[in-house]
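Thanks for coming, everyone. Let me put the chain up on the screen, and then we'll walk through it piece by piece.

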Amino acid sequence: MGNILNFNVQDLFVLAVKYLTESIDAKDKYTSGHSDRVRLYAVKVAEYIGLSKNEISTVYLASQLHDVGKAKISEHVLKKKGILSREETLEMEKHVIYAQHILSKHPLLQEVNIIVKHHHERWDGSGYPGGLTGENIPLVSRIIGICDSYDAMTTNRVYRRRKRDSEAVRELIAHKGTLYDPKLVDAFVALFEEGEIEFLKGMNFSRGFETNAWGEAVKLFKRAEKKFKDPERKYSIELKMLEIHNKMKQLDQSLLTIRKLEQLSSEYGIAINDKFLNENALYHYYKKEFDEVINISEMILSNRHISPLEHARALRHLAMSYWKLNKKEAALVEMSYCEEIYKELSGSLMLVHDKNYSIGLKYFELLDENYQLYEEISLNLAKMHDVQARIQFDLGAFNKALKYYDLSLDLKHDLDDSYGLSISHGGKGKLLSAMRRYEAAEQNFLMNLRTSRNLEIKRGIYLVNLERAKNFIRWGKLRKAKTIISELKKQFEQTPEIIMALVMIDLQEDNREKMEKKLGQIDPKKLKDPRCLIEYYRLMGQLYRKKDLHTAIRYIEDAAAISQQDRFVYLEIELRSLLAEIYSEHGDTAKSNLQLKLLNMLKMEEK
Ligand SMILES: [Fe+2]
């Protein structure tokens, strides 16, 4: 996606500015997104008080860059907990001077330079660096000063907890005419009362990949929605919330939001759009109602005026559902359509840009939209690669699968998508384990585990630890596997998967008695996931291997039959090689060779 020739110089400049300010904000995790939020608020205030298009462009740039001087402040001062000493305060205040050093170098940035220099001046002259008063402070500096203070008050900082949004607004009012320009405070408060400030903050929180901000975003959207009058805007805000609930797998909340959206749409005659339908399909996907996902996705695809991105999403959901239903060929077909769209999309992005530009969208606003579009496309492309990787993995094409996982991880890394990264790392870990690259697998599992722990996703922690245990067993590190499983048993109830992992250990320790006892606790009829059933039959086969050859072979053949039917090619290969081993153990060379032949054919097929 990142083809440099697609950008003109101005685009590159803005991207560089965003990248720079993001790195500064990222120095301290509490200020992440600060420059973006101050820019969102400041541009809104500027529009509200009726500044011209040119002036708004200046506001955009100056607010995004207002803290650029912090790049030169030491991390010790930036991140210090507790009150700064006199020297440290002076050092911190120098950021406006450092900004001047940087910005004064370019003739086109002189206005921005002056604005940034004075964004800490206060109405009554108590600010720095010039101690300017009232309207002697540049207007845009006064705007940024208010938005900067508001954001500083309403986000956590290392040295104190944040205030509530309404408290921060009261604080601004309390210092009207002393610290802040009274008219501008009135403008900011009016916007807050209309829900605009909470809306913008919610957008910023929901767009970021800091998943712990998502819950906060929902709260902000709820407050903004109550204040919004326009039903169309209420609808779009509910849709944002549905997106977040789906992402956080809060399915009860998703359902309520779906109902709310349907109600809004019938009450005010708002047309149901493809984005809603896609989110609706996703909800059913998480509910494991795959036929419903297929229905809804087909409905979206039958619409002629579908946007390419929603089109691609629908195809991806369709492919994912086919995959879940073990229709892997159908899934692959949908994925190839999907890939076509992304190829076209990356080619046409700049056309979208030019078209919008000619219809007179503000330049920076447009760039920001484009930037978001790039992000959204990249993210969706990465998710597509995840699905491709999973399908190829099942089909035994390990190297293809690995390539897709790496493509996905690269994209998600660029996007700072920690949640998405953890999903791909989990998948790649399983793949590497199947490829017998145990150590690399464990590394990937640990990356996944870290995020699942951070986000407190219980199911995620359970699943990845189970995979780690199985990886250690294959690796021959039984002690490590045992430690992980005993932790799992403490936290989660004894699932068939946990029992089977324990049986795998018994098998390696050649303890058939224990194996028999544990496998007796499992009712195969209750194993819904075909992979679980395959594993169960495989272990049963291993159990009978030494005492009853026929039974052993029957079980393993059953496992191979399911693998074949559901196209788990890599599992079938493993099972055929096990069968070959058992036949040759019993001196049946002919049958052993037959299995090896089948196995080689499977391997050839995937090449
Ligand atoms: Fe500042």
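**A walk through the model**

Let's start at Glu339, which lies in helix H18, residues 328-358. A word on terms: helices (H or I, at least four residues) and strands (E, at least two) are DSSP runs, numbered from the N terminus. Residues themselves are numbered from 1 along each chain as its sequence is written. And this is a predicted model: local features need pLDDT of at least 70, side-chain atom pairs count only at pLDDT 80 or more, and totals for chains, interfaces and linings use all residues.

Back to Glu339. It counts as partly exposed because it has 16 C-beta neighbours inside 10 Å. The cut-offs: a residue is buried if 20 or more other C-beta atoms lie within 10 Å of its own, exposed if 12 or fewer, and partly exposed in between, with C-beta atoms placed from the backbone. Glu339 and Met384 are 45 residues apart along the chain, and their C-alpha atoms are separated by 8.0 Å.

Next, His311. This residue is found in helix H17, residues 308-324. His311 has 19 C-beta neighbours inside 10 Å, so it counts as partly exposed. What does His311 touch, not counting residues up to four places away in sequence? Ile306 and Ile341. Contact here means that two C-beta atoms, placed from the backbone, lie within 7 Å. The C-alpha atoms of His311 and Ile341 are separated by 8.1 Å, with their positions 30 residues apart along the chain.

Now the whole chain. How many helices and strands are there? The protein chain has 30 helices and zero strands. Its C-alpha trace spans about 95 × 60 × 45 Å along the principal axes. Of its 607 residues, 42% count as buried. Take the contacts with a separation of 6 or more: 56% of them join residues 24 or more positions apart.

On to domains. The chain is divided into domain 1 (1-193) and domain 2 (523-607). Those bounds come from an automatic or database domain assignment. The C-alpha centres of the two domains lie 65 Å apart.

Then the core. The largest nonpolar core has 138 residues. By nonpolar core I mean a set of buried Ala, Val, Leu, Ile, Met, Phe, Trp, Tyr and Cys residues joined through C-beta atoms within 7 Å. Ala42, Ile143 and Ala319 have the most contacts inside this core. Helix H29, residues 569-585, gives the most to this core, with 10 residues. Domain 1 and domain 2 both give residues to this core, so it lies between them. Look at Ala42: leaving aside neighbours within four places in sequence, it is in contact with Val59, Ser63, Ile143, Ile144 and Cys147.

One helix in detail: H20, residues 398-414. At 1.5 Å a residue, its 17 residues should span 24 Å, and its end C-alpha atoms are 24 Å apart, which agrees. The expected span is 1.5 Å times one less than the number of residues. Buried in H20 are Ala401, Tyr404, Tyr405, Ser408, Leu409, Leu411 and Lys412. Seen down the axis, the buried residues of H20 fall within an arc of 165 degrees, so they line one face of the helix. That arc is taken from the directions from the helix axis to the C-beta atoms. After H20 comes Asp416, with a positive phi near 60 degrees.

Backbone exceptions next. Most residues other than glycine have a negative phi, and most peptide bonds are trans. Lys288 has a positive phi, near 60 degrees. It is found in the loop between helix H15 (274-286) and helix H16 (290-301). Lys288 is exposed, with 11 other C-beta atoms within 10 Å. Arg567 also has a positive phi near 60 degrees, and lies in the loop between helix H28 (549-565) and H29. The peptide bond from Tyr128 to Pro129 is cis, with omega near 0 degrees. Pro129 is found in the loop between helix H7 (110-117) and helix H8 (139-154).

Last, confidence. pLDDT is the predictor's confidence in each residue, from 0 to 100. The chain averages 88, and 91% of the residues score at least 70. Among the elements, H18 has the lowest mean pLDDT, 72, and helix H10 (residues 182-193) the highest, 98. Over residues 1-6 the pLDDT is below 50.
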